[in-house]
Amino acid sequence: MSDHLKCLITSSVCVTSSSLARQLQKEVQSTNSSDFTEEQKVILSFLSPCTQSKEEFKLEDLKKLELIIKNILTYNKEFPFDVQPVPLRKILAPGEEENLELEAEDDAAAGAGSTETFPPRAPGTLLPRLPSEPGMTLLTLRIEKIGLKDAGQCIDPYMSISVKDVNGVDLNPMQDTPVATMKEDTYIHFSVDIEIQRHVEKLPKGAAIFFEFKHYKPKKRFTSTKCFAFMEMDEIKPGPIVIELYKKPTDFKRKKLQLLTKKPLYLHLHQTLHKDS
């Protein structure tokens, strides 16, 4: 092993914890250990002094160190190389969309959005139909497909469905569909049923059902809303319905709406009403 390699390892991973240093030395000196090759033991012997400190390790530091050591012991390219782990895709809270500053500014400019009063749910966690009540009507919405000119380029697409009052306030918990896997030409097929979590008769005047189409952007490592659509109360009728798509940010107050495209591309739904007489 070259002096350059020894210097690189010593200077790249100087972290803390005397107990970890002792454990590394123990592994290096063990004659019965089959976990490491002789060359890897030499590498660990140079890591050990770097981990000696009176300060304590934080859990986040331990996780980083584990990846760094693993990379050093398994990397098969010539030195020098970057020992930092490749940034992982951010794991968001269930149903959460990471908002970039630019999108947040767009939302503010449009006067859109509202404070969520229900906890977000994980994609694919749909709610069951409510119990029937005499004289009350329940609505099942089947999301058939959405038309987009770049449908084939959308990664991990899914739909978030919410019910808002005229001021954009949540009336029901938001529901997220599973990720759609079938793409055909300019269409992404969902073929999934959404059970609206309130009887139709109990929806206030001016309420609307919103559909936000979301997809993952690998270069920016976040989930983005591409467009949205909505259905108002006078459109609740049994059978198929086709509704227009609008540009983001989602305007829950429906004050400043801009069509996504002039092309004949829409969100295709099918409505089923269940009434207990």
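**Exercise 1.** Identify the residues that ring pairs link into a cluster, and characterise the stacked pair of F230 and Y246.

*Solution.* Ring pairs join F210, F228, F230, Y246 and F252 into a cluster. Rings of Phe, Tyr and Trp (its six-membered ring) pair if their centres lie within 6.5 Å; planes under 30 degrees apart count as stacked, over 60 as edge-to-face and the rest as tilted. The model is predicted: local features need pLDDT of at least 70, side-chain atom pairs count only at pLDDT 80 or more, and totals for chains, interfaces and linings use all residues. Residues are numbered from 1 along each chain as its sequence is written, and side-chain values use heavy atoms, with hydrogens and water left out.

Step 1: F230 is buried, and so is Y246 (buried: under 20% relative accessible area, 1.4 Å probe, protein chains only).

Step 2: F230 and Y246 are stacked, at 5.5 Å centre to centre and 15 degrees between the planes.

Step 3: This pair links distant parts of the chain, with F230 in strand β7 (residues 222-232) and Y246 in strand β9 (residues 246-247), 16 residues apart. Strands are DSSP runs of E, at least two residues, numbered from the N terminus.

**Exercise 2.** Determine which charged residues lie over the faces of F252 and F230.

*Solution.* The criterion is NZ of Lys or CZ of Arg within 6 Å of the ring centre and within 35 degrees of the ring normal.

Step 1: Over the face of F252 lies K164, at 4.1 Å from the ring centre.

Step 2: Over the face of F230 lies R254, at 5.9 Å from the ring centre.

Step 3: K164 also has a bridge partner in β6, namely A208.

Key: Two strands pair if DSSP finds at least two bridges between them. Helices (H or I, at least four residues) and strands (E, at least two) are DSSP runs, numbered from the N terminus. Buried means under 20% relative accessible area, exposed over 50%, partly exposed in between (1.4 Å probe, protein chains only).
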